[in-house]
Amino acid sequence: MATDTININVRLTEKSRINQLDPENIVFGTLFTDHMLVADCVNGEWQTPEIIPFGDVAFNPALSSLHYGQSIFEGMKAFKNNQDEVLMFRPLENFKRFNISAERMCMTTVPEEIFIGGLEELLRIDAAWVPKGEDNSLYLRPFMFSSDEYLGVRASLNYRFMIIMSPAGKYYSTPPKVKVETEFIRAAPGGVGYAKCAGNYAASLYPAKLAAQQGYTQLLWTDAIEHKYFEESGTMNVMFVKNGKLLTPAVSSTILKGITRDTLIQLAKSMGVEVEERKVSVEEIIEGIKSGEVTEVFGAGTAVVVSPFAAIGFEGTDFDLPAITENSLSSRLKNKLNAIRTGQEADTFDWVWKV
Ligand SMILES: *Cc1c(COP(=O)(O)O)cnc(C)c1O
């Protein structure tokens, strides 16, 4: 599936670091592939992108993104199938969301040839870095920041788009205990919750730290106005299983439109599971856990696929969830999605993009 071909200037590394990759022992986000893509938009004109050896970039201390935060990113994954072909999962969805984030942050948008074409070319060059093995993948991080060297507050005239890639391994974790957050908020109507912008992450760290001090590994964000309805969990979308149905908050301006979320909804429907996208109140879920009607609560995102929760803490009380088994809906959805995105199972949805 090639997009419009694009001219990219390529300068290859003289010394690969691939021997540093140990597929049995990958620590997330610490090792980067041999090359990266850099494309500058100068006064509204995209310059020819470059693929160059991964390394430091110099910046002027007045770089506007450092001061005023015009900075957005995407997170996606590439896999190898049994034939050693490199597969991306629904990359056009990430491309579209990137430009939605760009518009909200008053940044320039990125042409598809640069975003998708750049990912494809970079993956061809660094294909050896896509680790094989169950649960291994190459994490792809396209991002863009304003690059004016100017301290005045205004939308920058110049932007830099980059792609870096980092091997990712098995996500070991015990099911987290999550806290229903009723004081701090992640997003408010009219704000930037639906954009994948850097500042949303910065703002979430302090409430997460306070929750960690109380013994919780993750937050369950509620709506900014009443703190009555669930929104997201940490940096994942959140899903519930109640009476065998899959419930998830309907997307809005305060909820990031996750691609995993959308994928799991489509998979659940294809498996004959009823799905409800609507407001889900804290009360409904707490009562449901007490009565046994709510059997699963999990986060959904690219990094972990699904992350089932062990317990939900609300106003000082922990409500335990039943243990997850191979028959749990979250396990079945996770296995199905993993099989499709690694090419083990037929892709009847047209989600898998062969590089
Ligand atoms: C990235 C992200 C998600 C998950 O989106 P996916 O496309 O499934 O990876 C959910 N919530 C927030 C706030 C995010 O930044």
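## Pockets, cavities and selected residues

The second largest pocket holds about 900 Å³ of space. Among the 38 residues of its lining, Glu-134, Asp-135, Lys-170, Lys-334 and Asn-338 are the closest to the pocket centre. Three elements, β6 (76-80), β17 (305-308) and α7 (329-341), give two or more residues to this lining. The most comes from α7, which supplies seven residues. Sorted by class, the lining of the second largest pocket has 13 nonpolar, 16 polar and nine charged residues. The model described here is predicted.

**Domains**

The domain assignment divides the protein chain into domain 1 (9-170) and domain 2 (177-341). Their contact takes 19 residues from domain 1 and 22 residues from domain 2. The C-alpha centres of domain 1 and domain 2 are 27 Å apart. Where does the second largest pocket lie with respect to domain 1 and domain 2? Domain 1 and domain 2 both give residues to its lining, so the second largest pocket lies between them.

**Cavities**

The count of cavities of 30 Å³ or more comes to two. The table sets out both.

| Cavity | Volume | Element giving the most to the lining | Classes in the lining |
|---|---|---|---|
| Largest cavity | about 110 Å³ | β6, three residues | five nonpolar, four polar, two charged residues |
| Second largest cavity | about 40 Å³ | β16 (294-301), four residues | seven nonpolar, two polar, one charged residue |

The largest cavity is lined by Gly-75, Met-76, Lys-77, Phe-79, Phe-89, Asn-94, Ile-259, Thr-260, Thr-302, Leu-337 and Arg-341. At least two residues of this lining come from each of β6, α5 and α7. Domain 1 (9-170) and domain 2 (177-341) each provide at least three residues to the lining of the largest cavity.

The lining of the second largest cavity consists of Thr-295, Glu-296, Val-297, Phe-298, Pro-308, Phe-309, Leu-321, Pro-322, Ile-324 and Ser-330. Strand β16 gives the most to this lining.

**Two buried loop residues**

Met-107 is found in the loop between α2 (91-104) and α3 (112-125). Is Met-107 buried or exposed? Its relative accessible area is 7%, and the cut-off for buried is under 20%, so Met-107 is buried. Beyond its neighbours within four places in sequence, Met-107 is in contact with Gln-70, Ser-71, Ile-72, Ala-102, Met-144, Phe-145, Ser-146 and Tyr-159. One of these contacts, Met-144, is 37 residues from Met-107 in sequence. From C-alpha to C-alpha, Met-107 and Met-144 are 8.9 Å apart.

Thr-254 lies in the loop between β14 (245-249) and α5 (259-270). With a relative accessibility of 5%, Thr-254 counts as buried. Which side chains does the side chain of Thr-254 join through polar contacts? One polar contact, of 2.8 Å, is with the side chain of Glu-231. Another, of 3.0 Å, is with the side chain of Ser-252. Leaving out residues within four places in sequence, Thr-254 is in contact with Arg-186, Ala-187, Ala-188, Pro-189, Gly-193, Glu-231 and Glu-232. Glu-231 therefore appears in this list of contacts as well as in a polar contact with Thr-254, within the 4.5 Å limit for a contact.

**A strand residue**

Pro-53 is placed in strand β4 (residues 50-53). At a relative accessible area of 22%, Pro-53 is partly exposed. Not counting residues up to four places away in sequence, Pro-53 touches Arg-11, Leu-12, Thr-13, Asp-34, His-35 and Met-36. Lys-15 is 38 residues from Pro-53 along the chain, and a distance of 9.3 Å separates their C-alpha atoms.

**Positive phi angles**

Arg-90 is not a glycine, yet it has a positive phi of about 45 degrees. The loop between β7 (86-89) and α2 holds Arg-90. Arg-90 is buried, its relative accessible area being 10%.

His-227 is also not a glycine and has a positive phi, of about 55 degrees. The place of His-227 is in the loop between β11 (218-222) and β12 (230-233).

Definitions and conventions. Residues numbered from 1 in each chain as written. Predicted model: local features only at pLDDT ≥ 70, side-chain atom pairs only at ≥ 80, totals over all residues. Heavy atoms only, no water. Buried < 20%, exposed > 50% of the residue type's maximum accessible area, 1.4 Å probe, protein only. Polar contact = N/O pair within 3.5 Å; in protein donor to acceptor, adjacent residues only side chain to side chain. 1 Å grid on protein atoms, 1.4 Å probe; cavity = no way out; pocket = protein on both sides within 12 Å on 5 of 7 lines; lining within 4 Å. Points joined across faces, edges and corners; volume = space filled by probe spheres on them. Nonpolar A, V, L, I, M, F, W, Y, C, P; charged D, E, K, R; others polar. Domains from an automatic or database assignment.
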